[in-house]
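Trainee: Could we go through this model together, one question at a time? I would like to see the reasoning behind each answer.

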Amino acid sequence: MKRLRKERGWSQEALADEAQLDRTYVSGIERVVKNPTVTVVERVACALGCRLGDLLD
């Protein structure tokens, strides 16, 4: 997720806004201290314009 976000030149806040999440939650996902639900992962994938599986690899 972090790699895809950085490839787009987005901050955590920009991704959070696009995915309708809190920035601290995005940070927690990237630091592997939060375990997102499938619904949240789907929202992030849609925001990044990638497949759900791209975030799970």
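Trainee: Happy to start with a single residue: is Asp-22 buried, partly exposed or exposed?
Mentor: Good place to begin, and keep in mind that this is a predicted model. Asp-22 sits in the loop that joins helix 2 and helix 3. Buried would require under 20% relative accessible area and exposed would require over 50%. Asp-22 has a relative accessibility of 47%, so the residue counts as partly exposed.

Trainee: How far apart in space are Asp-22 and Gln-12, C-alpha to C-alpha?
Mentor: Asp-22 belongs to the loop between helix 2 and helix 3, while Gln-12 is one of the buried residues of helix 2. In sequence, 10 residues separate Asp-22 and Gln-12, and in space their C-alpha atoms are separated by 9.2 Å.

Trainee: Staying in that loop, is Gln-20 buried or exposed?
Mentor: Gln-20 follows helix 2 and is placed in the loop between helix 2 and helix 3. The backbone is worth a look too, since Gln-20 has a positive phi of about 55° although it is not a glycine. With a relative accessibility of 65%, against a cut-off of over 50%, Gln-20 counts as exposed.

Trainee: And what is the distance in space between Gln-20 and Glu-42, C-alpha to C-alpha?
Mentor: Gln-20 lies in the loop between helix 2 and helix 3. Gln-20 and Glu-42 are 22 residues apart in sequence, and their C-alpha atoms are 12 Å apart in space.

Trainee: Which residue with a positive phi follows helix 3?
Mentor: Look in the loop between helix 3 and helix 4. The residue there is not a glycine, yet its phi is positive, near 60°. At 65% relative accessible area it is also exposed. The residue that follows helix 3 with this phi is Val-32.

Trainee: Which residue just after helix 4 takes a positive phi?
Mentor: Helix 4 covers residues 38–48. Just after it, at a phi of about 70°, comes Gly-49.

Trainee: Now the packing: are helix 2 and helix 3 roughly parallel or roughly perpendicular to each other?
Mentor: Their axes are 8 Å apart and the angle between them is about 110°. The crossing of helix 2 and helix 3 is right-handed. Angles from 65 to 115 degrees count as roughly perpendicular, so helix 2 and helix 3 are roughly perpendicular.

Trainee: How many charged residues are in the contact of helix 2 with helix 3?
Mentor: Helix 2 brings Gln-12, Glu-13, Leu-15 and Ala-16, and these meet Arg-23, Val-26, Ser-27 and Glu-30 of helix 3. By class, this contact has 3 nonpolar residues and 2 polar ones, and the number of charged residues is 3.

Trainee: How are helix 2 and helix 4 oriented to each other?
Mentor: Helix 2 spans residues 12–19, and its axis lies 8 Å from that of helix 4, at an angle of about 110°. That falls in the range of 65 to 115 degrees, so helix 2 and helix 4 are roughly perpendicular.

Trainee: How many polar residues does the contact of helix 2 with helix 4 have?
Mentor: Leu-15, Glu-18 and Ala-19 of helix 2 meet Arg-43, Val-44, Ala-47 and Leu-48 of helix 4. Sorted by class, the contact has 5 nonpolar and 2 charged residues, and the polar count is no residues.

Trainee: Which exposed residues does the face of helix 2 turned away from its buried side carry?
Mentor: Start from the buried residues of helix 2, which are Gln-12, Leu-15, Ala-16 and Ala-19. Their arc around the axis is only 100°, so they lie on the same side of helix 2. Helix 1, helix 3 and helix 4 are among the elements that cover them. The face turned away carries the exposed residues Asp-17 and Glu-18.

Trainee: Which exposed residues are on the face of helix 4 turned away from its buried side?
Mentor: In helix 4 the buried residues are Val-40, Val-41, Val-44, Ala-45, Ala-47 and Leu-48. They cover an arc of only 160° around the axis, which puts them on the same side of helix 4. These buried residues pack against helix 1, helix 2, helix 3 and helix 5. The face turned away from them carries the exposed residues Val-38 and Cys-46.

Methods:
Residues numbered from 1 in each chain as written. Predicted model: local features only at pLDDT ≥ 70, side-chain atom pairs only at ≥ 80, totals over all residues. Heavy atoms only, no water. Axes fitted to C-alpha atoms, helices over the stretch in contact; angles between N-to-C directions. Helix = DSSP H or I, 4+ residues; strand = E, 2+ residues; numbered from the N terminus. Parallel < 35°, antiparallel > 145°, perpendicular 65-115°, else oblique. Contact = heavy atoms within 4.5 Å. Nonpolar A, V, L, I, M, F, W, Y, C, P; charged D, E, K, R; others polar. Buried < 20%, exposed > 50% of the residue type's maximum accessible area, 1.4 Å probe, protein only. Arc of directions from axis to C-beta. Left-handed = near helix turned anticlockwise from the far one by under 90°.
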